There are 2 protein chains.
Amino acid sequence: MEEKNYRPMWKDLGLDLEGHDQLLAVLGKAYKDIYLSQENRPKAMQYLDFVISEAHGLRIEELMEAKKKGNKVVGTFCVYVPEELVLAVGGTCVGLCAGAEIGIDEAEKVLPRNTCALIKSFMGFKLAGLCPYIQASDLVVGETTCDGKKKAYEILNDYKETYVMEIPQMKTERDRTLWRGEVVQFKEKVEEISGKKITPENLEEGIKIANNKRRALQRLSALRKSTPSPISGLDALLVNQIAFYDDPLRFTKSIHALCDELERRVKEGIGVSRNGIARILVSGSPMAVPNWKIPFIIETSGAVVVAEESCVGERSTRDLVSETGDTLDKMIDAIVDRYFKIDCACFTPNKERTDHILDLAREFKADGVIHYSIQFCTPYTVEAYKVEKVLQEKGIPILKIESDYGMEDVGQLKTRIEAFLEMVRK
Amino acid sequence: MEEKNYRPMWKDLGLDLEGHDQLLAVLGKAYKDIYLSQENRPKAMQYLDFVISEAHGLRIEELMEAKKKGNKVVGTFCVYVPEELVLAVGGTCVGLCAGAEIGIDEAEKVLPRNTCALIKSFMGFKLAGLCPYIQASDLVVGETTCDGKKKAYEILNDYKETYVMEIPQMKTERDRTLWRGEVVQFKEKVEEISGKKITPENLEEGIKIANNKRRALQRLSALRKSTPSPISGLDALLVNQIAFYDDPLRFTKSIHALCDELERRVKEGIGVSRNGIARILVSGSPMAVPNWKIPFIIETSGAVVVAEESCVGERSTRDLVSETGDTLDKMIDAIVDRYFKIDCACFTPNKERTDHILDLAREFKADGVIHYSIQFCTPYTVEAYKVEKVLQEKGIPILKIESDYGMEDVGQLKTRIEAFLEMVRK
């Protein structure tokens, strides 16, 4: 995949070199088949192609260089971890590997078979020694968003120390108090591992960097409201995926360059798809790299994905942290409030989410919604019932899908999705 | 099952009379086959036989009589609901139907197929109109112990208003603060539905009634430490199950009478089993009436169950509420502290539980532990890994089982359990 020899670095990181070679070969082929085969891609996607080709190479080298200078790497699995606090001390947040069916035999030695693919994946990546990001992390942060992750982190902790943030389950004042305590404790943890104090000055900077990244992604999202969509759902998903591990400043600049190109396309009426094909909103469980299965099936079945109501998607970019705080306390409050708005299915009740899905469907002129749950992801699979009910009441077509990371069900999913798209078009 | 005609009452409660007849017939037969076929049962179990035969009859009639006098019925699914507060206003807590594979087709219309049997069961009982307890309840209380229940209550709420208590996920001071707030809010809810104020006087009484019930169950549990055990695991489980819906004063008295008989047995060396047969600790997910599958298989395979490390078992009776509080605030604190000790697998980390399983195995001279998880019960299935690890380190044999409420796997489970018992005896 790359010219430079990163093997000494991978070896130092404790990766299983042979398994890692195989992983890169498989990923490279999948990327070629799924991404590079797309027609009429924006030119600026070349930056993303480059980033993904260097995801285990140059990017890891950059992180190792930063570490040498004393800057810390914080590995995360969830959009609840306040990146601002890590950025404040010159650190980097990286999303950890969780999107591929890998090391599954190892994972199933410590986890029940009936565990969601994302959880089995991060455990498998660690146990099989295939994720350079977790190896490079100075701190791994878990969170209590679902039973599976909450309990799996106890086991992961046997192999890599895992700091767990408690996410409340409701949105009362009591929950906000608990959550604020968690944010403050995380701030202290970040100060401890970095040896640096978080100040109003550096936190203001951290908030700006994170907000600017979100603004670029919001701009990208807004451009997808156009008909025809100037970018495929696959490419837009990739951008949102890479947002979790690329350098935030460089990434923000590159996404604005992509948006400039897309704006020109919109003006000229150029899109990735012809007019009149179905516009689909994908909603549900997060899709981590290289989990491109659902949008790939949709977009090779004659539709275009126009938005992802998902943590790897607009849920993580929708809200900004208020920049009006002038004291550390007010800034912390702004962070607490921003993250407390996240409408993950882990909350009960979670009417905000169903309301928001309706809003998105309208704003993006979606012809239908495909609700995707990772199999055994209880919060999203159960909440899918409410989502379906609300959408049906408004006459918006919905298809509920449960799937893991395997490829065995691709044919069956394609049949169901094609039938759904046929129905939507009528 | 009963002489008296309860059909008008069941009709008034909105039960599906035909389905309910079938349910009672199946339960009656199962009880006869599993319970009444046991040899050498204590005579005092006749009270329990009577209670179970009248579970949908006389007991419901009693509750309806109490309701006429203005006393409220509170239906629960979990040992976190503080019974003391309900008893304080003259109300009754009842465990709701959740132990039988019933109404499953109805349940699977609103819940994913991959949902634990207990959750599908309570939903099925409600949707099929077969649980007189939920029909009689003035308040149904759910709680956020697991993803499945948390999200299923949102759906149950469409059919019967469900008040949900938030259970924290860790045991820090912040969590205790949140939990205290939940207990105070529940107190207010109980006052609201009953129209009665909770005072130090009536709460003291409520605490005493609940503690006395626990003391009787603790006495029963302690007697099972004897060799041979004076009571079968099946009978002891039944006692713990009935504790959730019988009248607490009458129940407490009856269990002490049972214990008197068991004490005589212990003195005379009489047991339900011969010396030398394997003593098994069952640990894991709750076993609600009529989920007698696992102890039935164990005890018909030549072993005796000596304790249940489970919510329907010693977890719900282990700790008392301190009776030293002399103000309402102190009593509330005592309640908060007592319930906060519960070591459900929903907490992270949950070392208290694995420590406690080791203690129980020693105290009850268990030859082995059978860890039972309801299939798809994520907290217990994942935690089983840690339980196994800790027990193996101490050289205590463990068998991990996952099962639902169906009977298809009985043969396979029996083979596995027999092999385990064979190994344990060596």
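In this predicted model, Gly395(B) sits just after helix α17(B) and takes a positive phi of about 75°. The helix itself covers residues 378-393 of chain B, and its length checks out: at 1.5 Å a residue, 16 residues should span 22 Å, and the end C-alpha atoms lie 24 Å apart, which agrees. It isn't quite straight, though, as α17(B) bends by about 30° at Ala384(B).

Ala384(B), the site of that bend, is also one of the buried residues of α17(B). The run from Thr378(B) through Pro379(B), Tyr380(B), Thr381(B), Val382(B) and Glu383(B) is buried as well, and further along so are Tyr385(B), Val387(B), Glu388(B) and Leu391(B). What do these buried residues pack against? On their own chain, the partners are β5 (278-284), α16 (351-363), β7 (368-374) and β8 (398-403), while chain A supplies α6 (104-110) and α9 (147-156).

That brings in the contact between the two chains. Here 47 residues of chain A are in contact with 48 residues of chain B, and the chains bury about 3,800 Å² between them, with 50% of it on carbon and sulfur atoms. There are eight salt bridges between chain A and chain B, and Lys151(B) and Glu383(A) meet in a salt bridge through their side chains, at 2.4 Å from N to O. Polar contacts between the chains come to 29 residue pairs, both residues at pLDDT 80 or more. On the side of chain A that touches chain B, the elements giving two or more residues are α6, α9, β4 (162-165), α10 (173-194) and α17 (378-393). Of these, α17(A) gives the most, with eight residues.

Note on methods
Residues numbered from 1 in each chain as written. Chains lettered and ligands numbered in written order. Predicted model: local features only at pLDDT ≥ 70, side-chain atom pairs only at ≥ 80, totals over all residues. Heavy atoms only, no water. Helix = DSSP H or I, 4+ residues; strand = E, 2+ residues; numbered from the N terminus. Expected span 1.5 Å × (residues − 1). Bend = angle between axes of the 7 residues up to and from the residue. Buried < 20%, exposed > 50% of the residue type's maximum accessible area, 1.4 Å probe, protein only. Contact = heavy atoms within 4.5 Å. Buried area = accessible area lost by both parts, 1.4 Å probe. Salt bridge = Lys/Arg side-chain N within 4 Å of Asp/Glu carboxyl O. Polar contact = N/O pair within 3.5 Å; in protein donor to acceptor, adjacent residues only side chain to side chain.
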